[in-house]
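User: I've got this one loaded in my viewer and I'd like to talk through its pockets, cavities and ring contacts. Can you walk me through them?

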Amino acid sequence: MHYISVSFTHKNTDIELREKLAFSDHERRREILRLIGSNDNISESMALSTCNRVEIFAVCEDVEAAGKTILNSISILTLVPVGALELRADIYDDQGAIHHLFSVASSLDSLVVGEMQIAGQLKEAFKFAYENGDCAENIASAMHFAFKCAASVRNLTQISKNPVSVSSVAVAKAKEIFGGIGGMTAVVVGAGEMATLACKHLVNASANVIILNRDVSKAKALATSLGELASADSIEKLPEYVNRYRLFFSATASPEPIITDSLIEPRDFARYFFDIAVPRDVDLRENELVRVFAVDDLEEIVKSNIALREEQANIAYGIVARSVAEFFKWLSSKGSAAAIKALRGHAREIAEREIAKAVQKGYLRHCDEEEAKKLVHQVFKAFLHTPSVKLKDGDAKEMGAAIEYLFDVEIKNDEMIEE
């Protein structure tokens, strides 16, 4: 059994390709997991899709074959040629895959290091795969340790203090452009997680916020939670708002751009559009009065963020490394448990068979049979103590194979040691 991770992120894939690969809606995510899971080599899988990354995390028997299956499946669903995917994908296996997973969960691999949303997005991706039967015990165990690692990073470092996100970086960029946005009006299109975060940062900067959404009731509920600086309206009024105000943030789940040149009327003031959605919401021709900032355009602020957090990130990576070692030690002990139980069971069978022979031949009285069993079992327990300890400290796969060969026993990996 091996872990594998196939990763497309802001580090290796531009936004044009990432938006083609995005599995943001449930049907698309369900289909990619169905395609991957139809291969007998892959027993479990989950898909993570955010504005900055598309990740497939899976359990397989053959890593090389699994990597090809995953890339072919993505190609079938997205129509992106396999060759283009192979050029960009980062593929990790076993310890590398687990280290990558833990780093992602701990927000060390994010565009904005220390942002808090990724843990929730990862939990949602795992929950979706688990409830749909695409993953089970092996991925569940890895996720348990990943979230435990992320919690340690949050508690033992300052990396998530005053948390930042792509939304907060976008608001910071707006503040930089205008020298402060207090008293300004910002239009936020969407009412999902990214839009909500943008609204919160805008309100904290004392900006007035107008939330546009298809579900007006959801927009109104969000506006109410934000207080008197926020209001809501229907997205149907977007053409009116887009030509009235100067500052826009868009984060919908639309598969196509919703702010296009057809909506823009000439104005004598500059307008700034922050597109924090993937796929992109904004498709405009830029000029001196129309400026667009997409996710990838926020790198300058992100770099300064990374510089400030570099020391804390180094501490965090130390926690990740220890967590990876802890996980594989646990995994090895779990594998050893089946071998230990098989060895003990084999010893018990032999002891009871030989005692039965002794009783049958008159070497041992029937009345002494139970006492003899107890004595022999204690002898075997003492004899097998040291091998049991050594098994827990060694390579479970290699030692398990040796035990199967030497003692002619079958090791069932779903068995646990009886205490």
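User: Which helix supplies the largest share of the lining of the second largest pocket?

Analyst: Keep in mind that this is a predicted model. Four elements, α2 (26-37), β2 (42-49), α6 (117-131) and α9 (193-204), each supply at least two residues of that pocket's lining. The largest share is three residues, and they come from α6.

User: What volume does the second largest pocket have, and which residues are closest to its centre?

Analyst: The volume comes out at about 760 Å³. The lining counts 29 residues, and those closest to the pocket centre are Ser24, Glu193, Met194, Thr252 and Ala253.

User: How many residues in the lining of the second largest pocket are charged?

Analyst: Glu counts as charged, while Met and Ala count as nonpolar. Over the whole lining of this pocket, 13 residues are nonpolar and ten are polar. The charged ones number six.

User: On to enclosed space: which residues are closest to the centre of the largest cavity?

Analyst: There are three cavities of 30 Å³ or more, and the largest holds about 110 Å³ of space. Its lining has 14 residues, with six nonpolar, six polar and two charged. α6 gives the most to that lining, with three residues. Closest to the centre are Cys51, Asn52, Glu115, Gln121 and Val166.

User: Which element gives the largest share of the lining of the second largest cavity?

Analyst: That cavity has about 90 Å³ of space, and its lining divides into nine nonpolar, two polar and one charged residue. β2, β3 and α5 each supply at least two lining residues. Among the lining residues are Ala97, His100, Leu101 and Val104, and the largest share, four residues, comes from α5.

User: Why is helix α5 largely enclosed by the rest of the structure?

Analyst: Look at which of its residues are buried, meaning under 20% relative accessible area. The buried ones are Ala97, Ile98, His100, Leu101, Phe102, Ser103, Val104 and Ala105. The helix spans residues 95-105, so it is largely enclosed because the buried count, out of eleven residues, is eight.

User: What is the phi of Ser107, which follows α5?

Analyst: Ser107 comes after the helix, and its phi has a positive sign. The value is near 65°.

User: Is the aromatic pair of Tyr3 and Phe57 stacked or edge-to-face?

Analyst: The whole structure has 13 aromatic pairs. For Tyr3 and Phe57, the centres are 5.6 Å apart and the planes make an angle of 10°. Planes under 30 degrees apart count as stacked, so this pair is stacked.

User: How many residues apart in sequence are the parts that this pair ties together?

Analyst: Tyr3 lies in strand β1 (residues 2-9), whereas Phe57 lies in strand β3 (residues 53-60). Both residues are buried. Because the two rings belong to those separate strands, the pair ties together parts whose separation in sequence is 54 residues.

User: Which residues do ring pairs link into a cluster with Tyr3 and Phe57?

Analyst: Phe57 also lines the second largest cavity, and Phe102 is one of the buried residues of α5. Ring pairs join Tyr3 and Phe57 in a cluster with Phe102, Phe145, Phe327, Phe328 and Trp330.

User: Last one: over which rings do the charged ends of Arg29 and Arg244 sit?

Analyst: The charged end of Arg29 is 5.0 Å from the centre of its ring, and for Arg244 the distance is 5.4 Å. The ring under Arg29 belongs to Phe128, and the one under Arg244 to Tyr241.

Technical notes:
Residues numbered from 1 in each chain as written. Predicted model: local features only at pLDDT ≥ 70, side-chain atom pairs only at ≥ 80, totals over all residues. Heavy atoms only, no water. Phe/Tyr/Trp six-rings, centres within 6.5 Å; stacked < 30°, edge-to-face > 60°. Buried < 20%, exposed > 50% of the residue type's maximum accessible area, 1.4 Å probe, protein only. Lys NZ or Arg CZ within 6 Å of the ring centre and 35° of its normal. 1 Å grid on protein atoms, 1.4 Å probe; cavity = no way out; pocket = protein on both sides within 12 Å on 5 of 7 lines; lining within 4 Å. Points joined across faces, edges and corners; volume = space filled by probe spheres on them.
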